[in-house]
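Let's walk through this one together, a piece at a time. Have the model open and turn it as you read.

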Amino acid sequence: MKRLTLLLILLLAALQWPLWLGKGSWLRVWQLDKQVEEQRAANQLLVGRNTALDAEVRDLKQGTDAIEERARNELGMIRQGEVFFQLLDPSHPPTPAPQ
């Protein structure tokens, strides 16, 4: 009787092995589910970034205000007839120009 019990326990363990530790085991499913959730979170961030970029592209295509703003901020351009004033911070002394 002890042998039969031992044999049944071993058979049960052999049948349970793939369920818990095999290729399609619960542990593997749990790990893949965690990876899917992480990828979904990363995708949400990318969707937000893509939406912002799409809005910027549409703004650049449709109006000149965005182009003018970029030209002023990034290139330092001014309109004809405007006067440019540059205010220097008195706490930072100006650096001498290279000769």
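Count the salt bridges in this predicted model and you get 7. A good one to look up is the pair Asp54 and Arg58, whose closest N and O atoms sit 3.1 Å apart. Both of these residues belong to helix H2, with a spacing of 4 residues, or about one turn of the helix.

Now follow H2, which covers residues 26–62, and look at how it sits against helix H3, residues 65–75. The two axes come within 6 Å of each other and cross at roughly 100 degrees. Angles of 65 to 115 degrees count as roughly perpendicular, so that is the label for H2 against H3. Which residues actually meet there? On the H2 side they are Glu56, Asp59 and Leu60, and on the H3 side Ala66, Ile67 and Arg70. Sort the residues of this contact by type and you find 3 nonpolar, 3 charged and no polar ones.

Next, swing round to the surface. Trp17, Leu19, Trp20, Leu21, Trp26, Leu27 and Trp30 make a nonpolar patch there, about 860 Å² in area. Where do its residues come from? Helix H1, residues 2–21, and helix H2 each put in at least two. H1 has the largest share of the patch, with 4 residues. Trp26, another member of the patch, has its place in H2, the helix that also holds Asp54 and Arg58.

Terms used. Residues numbered from 1 in each chain as written. Predicted model: local features only at pLDDT ≥ 70, side-chain atom pairs only at ≥ 80, totals over all residues. Heavy atoms only, no water. Axes fitted to C-alpha atoms, helices over the stretch in contact; angles between N-to-C directions. Parallel < 35°, antiparallel > 145°, perpendicular 65-115°, else oblique. Contact = heavy atoms within 4.5 Å. Nonpolar A, V, L, I, M, F, W, Y, C, P; charged D, E, K, R; others polar. Patch = residues over 30% accessible without salt bridge, like charges linked within 9 Å, V, L, I, M, F, W, Y side chains within 5 Å. Areas by Shrake-Rupley, 256 points an atom, 1.4 Å probe, with all protein chains shown as cover. Salt bridge = Lys/Arg side-chain N within 4 Å of Asp/Glu carboxyl O.
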